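Q: Please take a close look at a single part of this structure and describe how that part is built and what surrounds it. A connected account suited to a first-year student would be welcome.

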Amino acid sequence: MNEKELMLVKSCWQTVAPNAIPLAMKFYDDLFDAKPEYKKLFSGDMNKQAEKLMMTLGFLMANVDRVDKIKDAIHKLGALHVKFKVLPEYYPPVQKALVGAIAQFMDDEWTNEHENAWNKLISAVGDMMIEGATKKKFSWKFWK
């Protein structure tokens, strides 16, 4: 990501972070509306899941300038998601729902530049997660 894109996601995060749990719940609502079959992947308390998502995003945002330094953590997160039966093709709808939820919490401040920067970031993280799952020699074949 370039400096402008980093600035955009950082400033956006500062705006939406105070509403982290409602944002996460909006994300899951939108995701399950678009992909109801994904709901079966979640069996626990969705409030706790929302907290986990926001803690993970907070960690990402604290390190967004140096994603290469946390690549191993992102790889491990990808490997963990394989255990939850997350397939590589699940990542784009998750990205769309997450970026959409962030946009809704930005209201009139949201621009196409924000959207492009967030999509670039979340896509890169998703690619790293899939790479991490693949490096760990996990196979998605037995879930198909």
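A: The following account concerns helix H5, together with the helices on either side of it in sequence, H4 and H6. The model is a predicted one.

Helix H5 consists of 16 residues, and from its first C-alpha to its last it reaches 23 Å, close to the 22 Å expected at 1.5 Å a residue. Its buried residues are Tyr91, Pro93, Gln95, Ala97, Leu98, Val99, Ala101, Ile102, Ala103 and Met106. The cover over these buried residues includes helix H1 (3-16), helix H2 (20-34), helix H3 (46-62), H4 and H6. Just after H5, Asp107 takes a positive phi of about 50°.

One of these covering helices, H6, may be considered in detail. The axes of H5 and H6 come within 10 Å and cross at roughly 145°, and the crossing is right-handed. On the H5 side, the residues that meet H6 are Tyr91, Gln95, Leu98, Val99, Ile102 and Met106. Their counterparts in H6 are His114, Glu115, Trp118, Asn119, Ile122, Ser123, Gly126, Met129 and Ile130. Sorted by class, the contact of H5 with H6 has 9 nonpolar, 5 polar and 1 charged residues.

Among the H6 residues at this contact, His114 deserves separate attention. His114 has a relative accessible area of 8%; it is therefore buried, the cut-off for that term being under 20%. When its neighbours within four places in sequence are set aside, His114 is in contact with Leu8, Cys12, Met106 and Glu109. Met106 is itself one of the buried residues of H5.

Helix H4 is another part of the cover over H5. Helix H4 spans residues 71-83, has 13 residues and reaches 19 Å from its first C-alpha to its last, close to the 18 Å expected at 1.5 Å a residue. Its buried residues are Ile74, His75, Gly78, Ala79 and Val82. They lie on the same side of H4 because they cover an arc of only 145° around the axis. What covers them includes helix H5 (91-106) and helix H6 (112-135). Just after H4, Lys85 takes a positive phi of about 70°.

In summary, H4 and H6 are both included in what covers the buried residues of H5, and H5 and H6 are in turn included in what covers the buried residues of H4.

How values were computed. Residues numbered from 1 in each chain as written. Predicted model: local features only at pLDDT ≥ 70, side-chain atom pairs only at ≥ 80, totals over all residues. Heavy atoms only, no water. Helix = DSSP H or I, 4+ residues; strand = E, 2+ residues; numbered from the N terminus. Expected span 1.5 Å × (residues − 1). Buried < 20%, exposed > 50% of the residue type's maximum accessible area, 1.4 Å probe, protein only. Arc of directions from axis to C-beta. Contact = heavy atoms within 4.5 Å. Axes fitted to C-alpha atoms, helices over the stretch in contact; angles between N-to-C directions. Left-handed = near helix turned anticlockwise from the far one by under 90°. Nonpolar A, V, L, I, M, F, W, Y, C, P; charged D, E, K, R; others polar.
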